[in-house]
Amino acid sequence: MPRPLTVGAAQLGPIQRAHGRAEVVERLIALLREGHRMGCELVVFPELALTTFFPRWFMAQQAEVDGFFEASMPGPETQKLFDESKRLRVGFYLGYAEMAGDKRYNTAILVERDGSIVGKYRKVHLPGHAEHEPWRQFQHLEKRYFDESDTGFQVWRAFGGIIGMAICNDRRWPETYRVMGLQGAEMILLGYNTPVHNPPAPDHDALSLFHNGLVMQSGAYQNGCWVVGVAKAGEEEGVPMIGGSQIVAPSGQPVALARTEGDELIVACCDLDAGLSYTSTTFNFARHRMPQHYGLITSRKGAELPP
Ligand code: CDT
């Protein structure tokens, strides 16, 4: 018996610094309503979906940085999104910058169709650098502005299945998917903000969309789960960001792909049982994994060369 879950990947076009939260929340609500019209039970928004991607700037004053963070969720501007979600009975994943006392996290929440928060994930792999590096065309200061995750990778029983969350750079690391795969993840939701230009490795720029699909498609296949990857795309504050939002089946095949770099909803009806033909055969972990030979994965951080 198939277990269908209709999911929308709600790609956002750019959010400029001058755009206020209220304006952005209206865009999110428009996509949520479109999802409802298309039969979605769950709509996935990008990473840091309420503001421009602020780690591109060095800001010396913490008060200025804090202007991009949410002190409560829902908060004064986001309550409308929760209300509309509950009214339409469409749940959502939302990435945002979370202020929790003196801690700051790059966070995603999973909200059920009754408007309740069922899961919170704080980003594990924080890319970029911690100090101002003026040689770059733009900064990537996630290591400065965000604290290390205290959630790790978890999954939640929600939407009739087992759902995991990750954020942006996490998608490039096989451990992300495997740690959730070992908890039975049937679908992994992830939002991202990825500049086309990678200042330390400009030779990768032409491959940025290829790498985006490569990592999400291999993560889905190797763990027999759905992956829903959602971009904030287009030219934001002069910085071009990739689109390429996609819904990937457990076979590794993208079944829906965004065509634009603007606000765009793509939809797929996902059978949560579709992964079983992978997790019960080629990727039957209990039968075929050899963890006694994987010790270096957790005991060693960087590569050490042989003598
Ligand atoms: N937001 C985020 O994690 N972006 C990174 C950019 C490249 S690392 C500087 C990514 O992996 O897409």
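Helices and strands are here DSSP runs, numbered from the N terminus, a helix having at least four residues and a strand at least two. In the predicted model described below, Thr194 is found in the loop that runs between strand S8 (187-192) and helix H6 (208-223). With a relative accessible area of 6%, Thr194 is buried, because buried means under 20% relative accessible area. The side chain of Thr194 makes a polar contact with the side chain of Arg171, at 2.9 Å. When neighbours within four places in sequence are left aside, the residues in contact with Thr194 are Cys168, Arg171, Arg172, Pro240, Met241 and Ile242.

Thr194 also belongs to the surroundings of the ligand, together with Glu47, Phe53, Lys123, Pro127, His140, Glu142, Cys168, Asn169, Arg171, Arg172 and Asn193. Cys168, Arg171 and Arg172 thus appear both among the residues in contact with Thr194 and among those around the ligand. A polar side-chain atom of Thr194 lies 2.6 Å from an oxygen atom of the ligand. For Asn169, an N or O atom of the side chain is 2.8 Å from a ligand oxygen atom. Asn193 approaches the ligand through its backbone, with an N or O atom 3.1 Å from a nitrogen atom of the ligand. The ligand taken alone exposes 350 Å², and the protein buries 88% of that.

Charged side chains were examined next. Side chains of opposite charge can pair when their charged atoms come close. The model contains 21 salt bridges. One of them joins Asp66 and Arg104, with the closest N and O atoms 2.8 Å apart. Asp66 lies in helix H2 (residues 62-66) and Arg104 in strand S4 (residues 103-111), so this pair ties together parts that are 38 residues apart in sequence. Asp66 counts as buried at 18% relative accessibility, and Arg104 is likewise buried, with a relative accessible area of 11%.

A further salt bridge is formed by the side chains of Arg113 and Glu112, at 3.0 Å from N to O. Glu112 counts as buried at 14% relative accessibility. In the salt bridge between Arg300 and Glu304, the closest N and O atoms are 3.6 Å apart. Arg300 counts as partly exposed, at 32% relative accessibility, whereas Glu304, at 53%, counts as exposed. Elsewhere, Glu98, Lys120, Arg122 and Asp150 are joined into one network by salt bridges that share partners.

Helix H3 (residues 79-88) was considered with respect to burial. The buried residues of H3 include Leu81, Phe82, Glu84, Ser85 and Leu88. These residues cover an arc of only 165 degrees around the axis, which puts them on the same side of H3. An α-helix has 3.6 residues a turn, so residues three or four places apart point the same way. On the other side of H3, Lys86 and Arg87 are exposed. The cover over the buried residues of H3 includes helix H1 (21-37), strand S3 (91-100), S4 and strand S5 (117-122). Strand S4, which contributes to this cover, also holds Arg104, the salt-bridge partner of Asp66. H3 is followed by Arg89, whose phi is positive, near 60 degrees.

Terms used:
Residues are numbered from 1 along each chain as its sequence is written. This is a predicted model: local features need pLDDT of at least 70, side-chain atom pairs count only at pLDDT 80 or more; totals for chains, interfaces and linings use all residues. Side-chain values use heavy atoms; hydrogens and water are left out. Buried means under 20% relative accessible area, exposed over 50%, partly exposed in between (1.4 Å probe, protein chains only). A polar contact is a pair of N or O atoms within 3.5 Å; within protein, one must be able to donate a hydrogen and the other to accept it, and residues adjacent in sequence count only if both atoms are side-chain atoms. Contact means heavy atoms within 4.5 Å. A salt bridge is a side-chain nitrogen of Lys or Arg within 4 Å of a carboxyl oxygen of Asp or Glu. A residue is near a molecule or strand if one of its heavy atoms lies within 4 Å of it. Accessible areas come from the Shrake-Rupley method with a 1.4 Å probe; for residues, only the protein chains shown count as cover. The arc is that of the directions from the helix axis to the C-beta atoms.
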